[in-house]
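Colleague: I would like to learn how to read a structure like this one, feature by feature. Where should we begin?

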Amino acid sequence: MKHGRPLVHGYYLPLIADVENVLSLGEDQDVRERTRCQVVNHVQNFVQRFSSHSPSQLERFCHKAEVKTRKFVKDNPDILITEADKGNRTVVMSLEDYDGKMLQLVNDSDTYEPLKADPTDKYQRKNNSMVQRLVNLQLIDGKTKHQLMCYNAVCPRIYGLPKAHKQGMPLRPVVPNVTAPTYHLSKYIAQILQSSFTSEYDARDSKTFCEYVNQLDVPPDHIMVSLDAVSLFTNVTKPSVIHDVIMVWDKIRGKTRINLDLFLELITFCMDASFFCFRGKFFHQRSGTAMGSPLSPVLADIVMDSIISRAINAANIPPQHIRKYVDDLFLLIHKDRVQEVLEIFNRQNESIKFTCEVEKEGKLPYLDMLLIQTGEGRIKTDWYSKPISSGRILNFFSFHPIDQKIGVATNFINRVRTLSTIRTEEEKNQLIRRQLSSNDYPLHLINRMLHQSRPPEAADTPNVYRSVVHIPGLTPTIKRMLRQNVPSVGIACSNTNTVKQLYKTAKDPVPYMQKSNVVYKITCRDCSGCYIGMTKNQLRTRMYGHQTLINTLDRKLSAGLSYDDPEIQLLSQKTALMEHCIQQQHRFDVANPTIIDCCFKTQALPVLEMCHILTTPQTVNRRTDTEDMSATYSFLIASVDDLRRENRRTDGSRNQYNDARHTTQDDTVG
């Protein structure tokens, strides 16, 4: 951060890539070119204002706080800073304590088993084989095949979120499966199930549950009870999933052309392909559904629905007296039958057990509400935050776009007004003012939002959304231009330089050569030249391709061919790297590439590559490698290196933007 503000020069290239990503969806070439000119004009004006800007007191404070935080993290490598499981709290703990608790989790032989090697390639091959079977049977089309095939999978990284509200602060294991080989296939099966299966017991969200419970008639001597399934995902077994899917197959079969046997085979495969790594060791989840898989919630929902149906029949509970939200159940039952009903639920599935919480003094917390019996056979609700909650929401002084802050505050106001049916309007407003003021929202802004009418629902919602990197003072203007010129695309702002980037990640880093969606640089061993390229596959796959071409060249030379031989010259047409190898008789250090940027917006990656080619001196890339870049950006791109050199000379700090992007790549590569 320079003078308390982001190093905005590090955002220019991603900004160009993001703008081109949006404009590629527009059909009018004249509109695209006009928009490019407007963007460049606004960026140049912003640069002039920024260069003469005097940092405010807040900006200076943020800069000092960031410097101190970075120094603290660097000087204390044995400390881990992470977010808590609940309550929006920040937890500081020793890395040794964290590793000990995680090892205790993964060494639970009932749930996990160690593996001798990384099974990613095995499951990736099997995933692609299953997808090809679906194609051969004409059950999916070519577009769906392209979506389900996987070529750059990386073993998921497990991490733990501290349960700060519990004794001993145990960890909740989380395994993001977005890099897993079966992620897209699991998502495809989950979409089929979600479109065909609905539960009469579901409380879709807090608003829906609030409407339900406020219309409920409470019979005499009945109390409110909450049942919570213990470790639901890891206790949803394959036999119960297969049984319950078969029971609801009549609802599913109308949404897919896949027959029952193959459908169950796909589900079984996705459940079996649950694995992860921790501290360089690999583990397989032998029990339950894959944590982090998009298929797990819907499978758990089907199993839970089956348990509820059997339990209410056994306990003779009216269906309208029970609602479910994931693994939390709300029931109205007679006060003398609590233990009996709990035992009935615990008998329905030998793996899934429930804990019970009953109302106290006519009150029961459920979701983000406090349910209150009025004594007149009715239930009222109040907005509720757990005692462990920090009360933090998006702070008004954060470097987020103002519309995001207004959106967060408006959403909170609407939730309080909707969920607090027992409070008067003035009591709701007092609660809102207190909560928003504690997050530094100005009182005049709070009052204005309280008195304005609720915004109407948007008439036309864009089908396509794209994000633009957020630069305070610049991006809002560009966002408005893009919305005006490309109205069919919804525009959002992405914040990459966040507080999380200051902290050490708890997950294992992804091996350098397994990273994908990157722009890379390879240096020449014999001169100062370099080659800039990009790949959507893993970096090692791309380097293998380069090395194969070089090996082919060396093999032909060893066979007696000369550099001028037509067969050798044909190799020079493959890539600019090979052209340099042949014309100059040089070799590149393919074994040690450098990642200079990363981007998960695959449409923007080629633009980012061209930007880096144009801003990197002494590249061996061809002129044709950048011919798709609009000349409108020429001056802006040419000024990026000057800004970088000036920043290094005056501030001495590194490009924090690229640091943040590469840290994110370590966390979510794939």
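**Sheets, helices and salt bridges**

Modeller: Begin with a sheet: in this predicted model, strands S9, S10, S6 and S11 lie side by side in that order, forming an open, antiparallel sheet of 4 strands.

Colleague: Which strands are the edge strands of this sheet?

Modeller: Look for strands that pair on one side only; here they are S9 and S11, the latter covering residues 354-358. Neighbouring strands of the sheet are also turned against each other, by 25° on average when direction is ignored.

Colleague: How many bridges hold S9 and S10 together?

Modeller: There are 4 bridges between S9 (residues 322-325) and S10 (residues 328-334), and the pairing is antiparallel. One position to find on screen is Tyr325, which stands opposite Asp328 of S10.

Colleague: What joins S9 to S10, and what is noted about Val326?

Modeller: The two strands make a hairpin with 2 residues between them. Val326 is in that turn and has a positive phi of about 60°.

Colleague: What should I expect of side chains along a strand?

Modeller: As a general idea, side chains in a regular strand alternate between the two faces of the sheet.

Colleague: Which helix lies across S9, S10 and their partners?

Modeller: Helix H13, residues 338-347, lies across S6 (222-229), S9, S10 and S11. Against S11 the helix runs at about 155°.

Colleague: Let us take another sheet. What is the strand order in the one that contains S8?

Modeller: The order is S3-S8-S7, an open sheet of 3 strands with antiparallel pairing. S3 (112-115) and S7 (275-278) each have a single partner strand, so one side of each is left without a neighbour in the sheet. On average, neighbouring strands here are turned by 35° against each other, direction ignored.

Colleague: Which residue of S8 is the bridge partner of Tyr112?

Modeller: That partner is Gln285. S3 and S8 (residues 281-285) run antiparallel and are joined by 4 bridges. Helix H4 lies across S3, S7 and S8, at about 150° to S7.

Colleague: How do I read positions within a helix?

Modeller: An α-helix has 3.6 residues a turn, so residues three or four places apart point the same way. H4 (residues 95-106) offers a case: Lys101 and Asp97 both lie in this helix, 4 residues apart, about one turn. Lys101 forms a salt bridge with Asp97, and their closest N and O atoms are 3.7 Å apart.

Colleague: Are Lys101 and Asp97 buried or exposed?

Modeller: Buried means under 20% relative accessible area. Lys101 has 18%, so Lys101 is buried. Asp97, with 33%, is partly exposed.

Colleague: What is the general idea behind a salt bridge?

Modeller: Side chains of opposite charge can pair when their charged atoms come close. A search of the whole structure finds 27 salt bridges. Among them is a network that links Glu20, Glu33 and Arg36.

Colleague: Which parts does the pair of Asp368 and Arg415 tie together?

Modeller: Asp368 forms a salt bridge with Arg415, with the closest N and O atoms 2.1 Å apart. Asp368 is in the loop between S12 (363-366) and S13 (369-373) while Arg415 is in helix H14 (residues 402-419), so the pair ties together parts that are 47 residues apart in sequence. Asp368 is buried, at 17% relative accessible area, whereas Arg415 is partly exposed, at 29%.

Colleague: Where do Arg423 and Asp382 lie?

Modeller: First find their salt bridge, whose closest N and O atoms are 2.7 Å apart. Arg423 lies in the loop between H14 and H15, and Asp382 in strand S14 (residues 379-383); the pair links distant parts of the chain, 41 residues apart. Asp382 is buried, at 10% relative accessible area, and Arg423 is partly exposed, at 26%.

Colleague: How do H15 and H16 cross?

Modeller: The axes of H15 (residues 425-437) and H16 (residues 443-451) come within 10 Å and cross at roughly 140°. The crossing is right-handed. Residues in the contact include Ile432 and Leu436 of H15, and Ile446 and Leu450 of H16. By class, the contact has 6 nonpolar, 4 polar and 1 charged residues.

Colleague: How many residues of H21 are buried?

Modeller: The helix spans residues 605-615 and is mostly covered, with 9 of its 11 residues buried. Among the buried residues are Leu608, Glu609 and His612.

Technical notes: Residues numbered from 1 in each chain as written. Predicted model: local features only at pLDDT ≥ 70, side-chain atom pairs only at ≥ 80, totals over all residues. Heavy atoms only, no water. Axes fitted to C-alpha atoms, helices over the stretch in contact; angles between N-to-C directions. Left-handed = near helix turned anticlockwise from the far one by under 90°. Contact = heavy atoms within 4.5 Å. Nonpolar A, V, L, I, M, F, W, Y, C, P; charged D, E, K, R; others polar. Pairing = 2+ DSSP bridges. Salt bridge = Lys/Arg side-chain N within 4 Å of Asp/Glu carboxyl O. Buried < 20%, exposed > 50% of the residue type's maximum accessible area, 1.4 Å probe, protein only.
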